[in-house]
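Take a look at the sequence and the structure below. This briefing goes from single terms to the whole chain, then to a few chosen residues.

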Amino acid sequence: LKLLAQRSLRRGFLQLVTMDGHVLTNLMDSLHAAGVQEGAHLMAVVQEAKVASSRTAFALWCYGGNQVVAWGNPGAGSDCAAVQDQLRNVQQVQATALAFA
């Protein structure tokens, strides 16, 4: 359903939200398993992607998201695997020459 919404709205970064505010986060769940009943309405909330760059690495995130995707030179901040599980409700990513915060 999320992929269909992304294609229909031509937006890659979006969240599906129930009318009571529950964000559908597990793409592997069926709608029933996610607690969505027949006839329920969902909202698609489009998120704006943000990019920060160090000298030779880049970081991509969405405001309020729980993941940062980084690529480029590992010595310049592109390896964020050690802290990925700590990233919750990301508001901003700040870059220096060799790291991200």
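A strand here is a DSSP run of type E with at least two residues, and strands are numbered from the N terminus. By that rule, threonine 18 lies in strand E1. The model is a predicted one. The protein chain has one helix and six strands.

**The chain as a whole**

- Reading from the N terminus, the order of elements is α-β-β-β-β-β-β.
- The C-alpha atoms fit a box of roughly 50 × 25 × 20 Å along the principal axes.
- The radius of gyration of the protein chain is 16 Å, whereas a compact globule of 101 residues would come near 13 Å.
- Buried residues make up 25% of the 101 in the protein chain.
- The chain exposes about 7,200 Å², and 55% of that area comes from carbon and sulfur atoms.
- Take the contacts between residues at least 6 apart in sequence: 39% of them join residues at least 24 apart.

**The sheet and the helix**

- Strands of a sheet pair through backbone hydrogen bonds, and they may run parallel or antiparallel.
- Three strands form an open sheet in the order E2-E1-E3, and their pairing is antiparallel.
- Which strands stand at the edges? They are E2 (23–24) and E3 (42–46). Each has a single partner strand, so one side of each has no neighbour in the sheet.
- Strand E1 covers residues 14–18, and five bridges join E1 to E3.
- Helix H1, residues 2–9, lies across E1 and E3. The helix runs at about 120 degrees to E1.

**Threonine 18: a residue of strand E1**

- Is threonine 18 buried or exposed? Its relative accessibility is 10%. Buried means under 20%, so threonine 18 counts as buried.
- The bridge partner of threonine 18 in E3 is leucine 42.
- Leucine 42 is also among the contacts of threonine 18, once neighbours within four places in sequence are left aside. The others in that list are Leu24, Val36, His41 and Met43.
- The side chains of threonine 18 and aspartate 20 make a polar contact at 2.3 Å.

**Threonine 25: a residue in a loop**

- Threonine 25 sits in the loop between E2 and E3.
- The relative accessible area of threonine 25 is 67%. The cut-off for exposed is over 50%, so threonine 25 is exposed.
- How far apart in space are threonine 25 and glutamine 15, C-alpha to C-alpha? The distance is 7.8 Å, and the two are ten residues apart in sequence.

**Serine 78: a residue after strand E6**

- Where is the place of serine 78? Serine 78 is in the segment after strand E6, which spans 68–72.
- Serine 78 has a relative accessible area of 11%. That value falls under the 20% cut-off, so serine 78 is buried.
- A polar atom of the serine 78 side chain lies 3.0 Å from the backbone oxygen of glycine 72.
- The backbone oxygen of asparagine 73 lies 3.3 Å from a polar atom of the serine 78 side chain.
- Gly72 and Asn73 are among the residues that serine 78 touches, not counting those up to four places away in sequence. Ala57, Ala70 and Trp71 complete that list.

Notes
Residues numbered from 1 in each chain as written. Predicted model: local features only at pLDDT ≥ 70, side-chain atom pairs only at ≥ 80, totals over all residues. Heavy atoms only, no water. Pairing = 2+ DSSP bridges. Helix = DSSP H or I, 4+ residues; strand = E, 2+ residues; numbered from the N terminus. Contact = heavy atoms within 4.5 Å. Axes fitted to C-alpha atoms, helices over the stretch in contact; angles between N-to-C directions. Rg over C-alpha atoms; globule rule 2.2 N^0.38 Å. Buried < 20%, exposed > 50% of the residue type's maximum accessible area, 1.4 Å probe, protein only. Areas by Shrake-Rupley, 256 points an atom, 1.4 Å probe, with all protein chains shown as cover. Polar contact = N/O pair within 3.5 Å; in protein donor to acceptor, adjacent residues only side chain to side chain.
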